[in-house]
Amino acid sequence: MANSNIVARTGNEAMAEAMRQINPDVVAAYPITPATEVVQIFAGYVADGLVDTEFVPVESEHSAMSACIGSSSAGGRTMTGTSSQGLALMAEMLYIAAGLRLPIIMADVNRALSSPINIHCDHSDTMMVRDSGWIQIFSENCQEAYDNMLQAVRIAEKARLPVMVTTDGFIISHGMERLEILSDADAKSFVGAYKPENYLLNFEKLITVGALDLQDYYFEHRRQLAEAMKTSKQVILDVAKEFGTKFGRTYGLFEQYKMDGAEIAIVAMGSTAGTAKVVIDGLRSKGLKAGLIKPRVFRPFPKEELADSLKGLKAVAVMDRSDAMNAQEGPLAVEVKAALFDASASSGANKTVLDYIYGLGGREIKPEDIEHVYNDLSEAAKGKAKQKVTYLGVRE
Amino acid sequence: MANLKDLSKQKALFTGGHRACAGCGAVIIARQVLMAAGPNTVVANATGCLEVVSTIFPYTAWNVPFVHSAFECAAASISGVEALYKSWVRQGKYNKKVNFIAFGGDGGTYDIGLQSLSGAMERGHNILYVCYNNEAYMNTGVQRSGATPKGADTTTAPVGKVKKGKEQFRKDLTEIMVAHKIPYAAQSVVGNWRDLTSKVEKALAMDGPKFINVFQPCRLGWSYDPEMTCEIGRLSVETCVWPLYEVVNGQYKVTKPKEKKPLVEWIKLQGRFRHLLKPENKQLLDELQTATDKNWEDLLRKESLTSPAAEPKPSQTLR
């Protein structure tokens, strides 16, 4: 086991600390609540000469991602941080970063999208760019945010895809928690040096980045991107395995909590998973066979693995911290159901899946809310039908 | 300053075989700018004619490292490249001398890209931004831009029964750049290779953000025969519709034509101004001539105000 220090840090501090240890060549960013502190703290590291990074305090998030694309295609390890409207303004460039297969790393602090304007947590921002070709890793707490940032560098560079690591706005970003920090030497040795294969500043091998693809090539390049996303699943697992071996904290595509012998379970991402764990402990002591699946990786979506882990259950609830405005259900529920549908085609199983849309704009999710979900599930498991989509905690 | 013979012997850094229209001025600019800059140059390009005609996969006309990301962010993209360069030099990982040049059309520069251009200039990156300014969105089919002159016929400000082309005067982007207090801002034109290449050389020799606005007749959007591009470019200067000048650390220097020609000589060669030659539109033509004259006089006044001789003596100002 490597040496580590135990400190108290907020999520934003944890992410900034990881960035300091990663010591990227370039960080380009624009301040936005609640992600502001990440680059603000990092700018302090730059001002104190603690990093070699060239910090580019751009005039917009669109330019932040554009500068990241310039830096990354020029051959540099490149990072940024944003949230909500900032991520929305970056959206055009996110697709380009992924299409160019640039390993840019982003700290993304989840916050509701306008309108109405709201600065608090939900997952609408990340979900809005879920099809952009970025790997998306969700964190339950400060520790995971820190560990995920370090792993993201390795994942991005091996998979040749950009990676965003998310935390829940204010809940994690501003909540102070116990954090086990690696020594600088361990962090540095884990992320290693970046050696790009082709890059603009290499005048020995000239490249044209961002060429025009017409009918004859575009489709193939998008197909390659899709394949890269598929194969990145193994990269994520490999990096997590190495991280676990070296530092003792293990990660996968998703976490299973008390799923052994579980009859009902909820699927929830981010900080809510932590709340659900407390609820499950209580329910288990009362004899209810409740469990939790916490997707860590939303892109690539761990379809087969997740369906497999849900197969023995009598009923499943999905907790969606955003709405897809699709007259159907939340984005996570759509993904989970699609995974189960394909799995059920081979197993013949048919399962009740309920979707709960909750917590938009920072609306609190309390243990009793989650208990309510489990109660619904118990009923559904007995074959008593419940409505498929429930807006949990909304005044109607 | 190389002569034409020397320049023509250089390896082509922007090659033939691209798919630009016959008579396209944008590719002339790209070739001449790179001739002056030399091979140690990284280019970022905004989406637009220049990019789409020169990088049709799997081909490229660029014999220098080249990056294109989107329409409005060439200045931000090159900022990122230059930032990495600075980081690597500071880390001792890189020691080559490199030029950083961004190309954008007037749409990507005057309009949608103005914010990222302004940001890059304000932050002081060591870059040269070259606007190839053909006064409309030529890549998407000749729509009006902030650079389109009053009275021009475009597809989104067309000449009709009631309206006579674009109703507003163009934005003065070069002056907006001067207002950023950058060390070097200039106007050049297609058809005067010596002016363009020497301005590029001069700009690249200076540290910090530089901007050159290159006037570029577009045979498609302006509607003239392809062989006329350079001639119309030179006439733009002679009629003072596009004066050649540079502003070095705030000091103006204007290249005066031997003889200032009437605007109509420039207008009558272009289909986009065809309606202005009709007698009923004489008032609009006169208005354009008046505006051109005023702009020219304003420019000469700025030159005389910023000349070293015009600077007030310290004793006069301190009293």
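# Briefing: cores, interface and salt bridges of a two-chain model

Just after helix 6 of chain B, B:G124 takes a positive phi of about 80 degrees. That is a handy place to start a tour of this structure, which is a predicted model. From there we can visit the nonpolar cores, the contact between chain A and chain B, the salt bridges, and a serine in chain A. The largest nonpolar core has 168 residues, chain A and chain B bury about 3200 Å² between them, and 46 salt bridges are found over all chains.

**Around helix 6 of chain B**

- Helix 6 of chain B covers residues 114-123, and its buried residues include B:S116, B:L117 and B:G119.
- B:A120, B:M121 and B:R123 are also buried in this helix.
- As general background, an α-helix has 3.6 residues a turn, so residues three or four places apart point the same way.

**Nonpolar cores**

- Within the core of 168 residues, A:M65, A:L150, A:L201 and B:W266 are the residues with the most contacts.
- Which element gives the most to this core? Helix 6 of chain A, residues 142-159, does so, with 10 residues.
- If you centre your viewer on A:L201, you will find that this leucine touches A:A74 in its own chain, leaving aside residues up to four places away in sequence.
- On the chain B side, A:L201 touches B:V42, B:L84, B:Y85, B:W88, B:Y94 and B:F100.
- Another core lies apart from the one of 168 residues; this other core has 36 residues, among them B:A30, B:V130, B:V200 and B:V214.
- In soluble globular proteins, nonpolar side chains tend to be buried together.

**The contact between chain A and chain B**

- Chain A brings 40 residues to the contact and chain B brings 44 residues.
- Of the area of about 3200 Å² that the two chains bury, 64% is on carbon and sulfur atoms.
- A:L201 returns here: together with A:F203 and A:L212, this residue is among those in chain A that lose the most area to chain B, and the three account for 21% of what that side buries.
- How many salt bridges are counted between chain A and chain B? The count is four salt bridges.
- In one salt bridge, the side chain of B:K93 meets that of A:D25, at 3.6 Å from N to O.
- There are also 17 residue pairs in polar contact across the interface, with both residues of each pair at pLDDT 80 or more.
- On the side of chain A that touches chain B, the elements giving two or more residues are strand 3 (54-57), helix 3 (61-74), helix 4 (84-99) and strand 9 (208-209) of chain A.
- Helix 3 of chain A gives the most to that side, with nine residues.
- By residue type, that side of chain A divides into 21 nonpolar, 13 polar and six charged residues.

**Salt bridges within the chains**

- Side chains of opposite charge can pair when their charged atoms come close.
- A:E140 and A:K277 form a salt bridge with their closest N and O atoms 2.7 Å apart.
- This pair links distant parts of the chain, 137 residues apart: A:E140 is in the loop between strand 6 (135-138) and helix 6 of chain A, and A:K277 is in helix 9 (residues 271-285) of chain A.
- Are A:E140 and A:K277 buried or exposed? Both are buried, and A:K277 has a relative accessible area of 14%.
- A:K277 also forms a salt bridge with A:E255, where the closest N and O atoms are 2.9 Å apart.
- A:E255 is in strand 10 (residues 254-257) of chain A, 22 residues from A:K277.
- A:E255 counts as partly exposed, at 25% relative accessibility.
- A network of salt bridges links A:E140, A:E144, A:E255, A:K277 and A:K294.
- In chain B, B:E135 forms a salt bridge with B:R170, the closest N and O atoms being 2.8 Å apart.
- Both B:E135 and B:R170 lie in the loop between strand 4 (128-133) and helix 7 (173-178) of chain B, so the pair ties together parts that are 35 residues apart in sequence.
- B:E135 counts as buried at 1% relative accessibility, whereas B:R170 counts as partly exposed at 25%.

**A serine in chain A**

- A:S124 is placed in helix 5 (residues 124-128) of chain A.
- A:S124 is buried, with a relative accessible area of 18%, which falls under the 20% cut-off.
- The side chains of A:S124 and A:D122 make a polar contact at 2.7 Å.
- A:S124 touches A:L113, A:R321 and A:S322, again leaving aside residues up to four places away in sequence.

Terms used: Residues are numbered from 1 along each chain as its sequence is written. Chains are lettered from A and ligands numbered from 1 in the order in which they are written. This is a predicted model: local features need pLDDT of at least 70, side-chain atom pairs count only at pLDDT 80 or more; totals for chains, interfaces and linings use all residues. Side-chain values use heavy atoms; hydrogens and water are left out. A nonpolar core is a set of buried Ala, Val, Leu, Ile, Met, Phe, Trp, Tyr and Cys residues joined through side-chain atoms within 4.5 Å. Buried means under 20% relative accessible area, exposed over 50%, partly exposed in between (1.4 Å probe, protein chains only). Helices (H or I, at least four residues) and strands (E, at least two) are DSSP runs, numbered from the N terminus. Contact means heavy atoms within 4.5 Å. Buried area is the accessible area (1.4 Å probe) that two parts lose on being put together, summed over both. A polar contact is a pair of N or O atoms within 3.5 Å; within protein, one must be able to donate a hydrogen and the other to accept it, and residues adjacent in sequence count only if both atoms are side-chain atoms. Ala, Val, Leu, Ile, Met, Phe, Trp, Tyr, Cys and Pro count as nonpolar, Asp, Glu, Lys and Arg as charged, and the others, Gly among them, as polar.
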